[in-house]
Amino acid sequence: MSKLLIRGATILTMEGPDAIIETGEILMEDGWITHVGLPGSAPGYFDMDEVIEADGEVAMPGFVNCHTHAAMTLLRGYADDMSLMPWLSEKIWPFEDRLTGEDVYWGTMLACLEMIKSGTTCFGDMYFFMDHVARAVEKSGIRAVLARGMVGVAPTGAAALTESEELVKNWNGKADGRITAMLGPHAPYTCPPDYLGKVMDLAAKLKVGVHIHVAETRTEYDDMLKQYGKTPVQHLDSLGLFKLPVLAAHCVHLDQEDMEILAQKAMGIAYNPQSNMKLASGIAPMAKLLDLGATVGIGTDGTSSNNNLDMLEELRAGSYLQKVGTMNPEVLPAYRTLQMATIDGALCMGLGDRVGLIKEGMRGDIILVDIKQPHMCPQHNLVANLAYAANCGDVRTVIIDGKLVMLDGAVLTMDEEKVMAEAQERAMRLAGK
């Protein structure tokens, strides 16, 4: 049995705003958190395989990035300052047509490297060549919920269903349980009702959830109203999709009925503030959804529409955007936003019983944040400093599934220089440079 002890940290358990241990310790045994308490209280104190001295650091759950397209790191900076549909049709989809499985592997490795270094321990991904994505997740040591993106109107629609079933059968529960799988129909405007029916049948058969883009743009909203006489959310509800566990990404353009459906029926909503800002998609009504009791997590979306995977930056932007959008500085306060980036994100992806909190019985997905920094001083309010002042470079140590993945800023599971060199070479080739 492997034992890893974190000693001396301030522990932000995320079990409540006041659930903070000023100086404590966390014991992990074979990946499970088995003790959280005061110094010297861990059983078997002198029988540890590894001890991390964490004075001056905050231990908190790792960030959960609910929605991204990891291998799109290869498109970072390739197609900026465009609206969504021209961006997709003129730039993104033609580039993606040239991708190989190995390109996707190295693009995903780069994403995993970036996420680990900025404190993300789990991410939700929708893309293709998902066997290669899963290989990268397995190698990097990160946790992921993977979905093969499916476009029902494309010639690959039938093959995508087959590949999705293979992904679930081959990878769900693999990498010591760090990989789980969902089905990933792209959106209601690219997946007609008969195709979504096949997706729902397959999800029910495989007993997995569905990850889907919903109501991202005003154009989508208006087109769905014109075609079906229903909003995107009401259309999906009428088809019975929300009888399954659904992670709905974006949810920018909603009416009151839409919000009530999502709050009552969706497993979770992935809020992507910076992508929505950059593509001028709009401001998602997350404050209203939260008031209705919806479960909301935070996602970065892909790096071609963000352009990074930094969850600290994302959660801060998400809080500020809701404040200015509602003209109310009290919405999405610091602790609530950190919840969305940790435990609520885990709940959105069906992992709330495993990760997102520091408590006994949860898996050891923990980050250590250095608060001995000028921009983190003075310490009037630890939670506010983390949400509003910290940056990704303050994350010094990352533990996933009870294993050290990054120690003092150095990632232990991959060769950083090799990953960046491979990604650079492939991106230039794909862009014809």
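This passage describes backbone features, one bent helix and the nonpolar cores of the structure. The model is predicted.

Two peptide bonds in the model are reported here as cis. One of them joins C377 and P378, with omega about 5 degrees. P378 is part of the loop that runs between β14 (366-370) and α14 (382-388). The other leads from N306 to N307, and its omega is near 25 degrees. N307 likewise falls in a loop, that between β13 (296-298) and α11 (311-326).

Positive phi values were found at two residues that are not glycines. At H250, phi is about 85 degrees. H250 belongs to strand β11, which covers residues 246-250. Its relative accessible area is 0%, and H250 is therefore classed as buried, the cut-off being under 20%. At L332, phi is positive as well, at about 45 degrees. L332 is located in the loop between α11 and α12 (334-341). With a relative accessible area of 4%, L332 is also buried.

Helix α1, formed by residues 84-96, departs from a straight course. A straight helix of 13 residues would span 18 Å at 1.5 Å a residue, whereas the end C-alpha atoms of α1 are only 15 Å apart. A bend of about 25 degrees occurs in α1 at E90, and the proline P94 follows within four residues. The buried residues of this helix are L84, W87, L88, I92, F95 and E96. In an α-helix there are 3.6 residues a turn, so residues three or four places apart point the same way. The partners against which the buried residues of α1 pack are β7 (120-127) and α15 (416-430).

The interior of the model was examined through its nonpolar cores. The largest of these contains 136 residues, and the members with the most contacts inside it are I6, I26, L262 and L338. Helix α2 (residues 101-117) supplies the largest share of this core, namely 10 residues. Another core, of 14 residues, lies apart from the largest one and includes A147, M182, M349 and L351.

The surroundings of I26 illustrate how one member of the largest core is placed. When neighbours within four places in sequence are left aside, I26 is in contact with L4, L5, I6, I11, I33, H35, V36, A59, I358 and I366. One of these partners, I6, is itself listed with I26 among the residues that have the most contacts inside the largest core.

Technical notes:
Residues numbered from 1 in each chain as written. Predicted model: local features only at pLDDT ≥ 70, side-chain atom pairs only at ≥ 80, totals over all residues. Heavy atoms only, no water. Helix = DSSP H or I, 4+ residues; strand = E, 2+ residues; numbered from the N terminus. Buried < 20%, exposed > 50% of the residue type's maximum accessible area, 1.4 Å probe, protein only. Expected span 1.5 Å × (residues − 1). Bend = angle between axes of the 7 residues up to and from the residue. Contact = heavy atoms within 4.5 Å. Core = buried A, V, L, I, M, F, W, Y, C linked by side-chain atoms within 4.5 Å.
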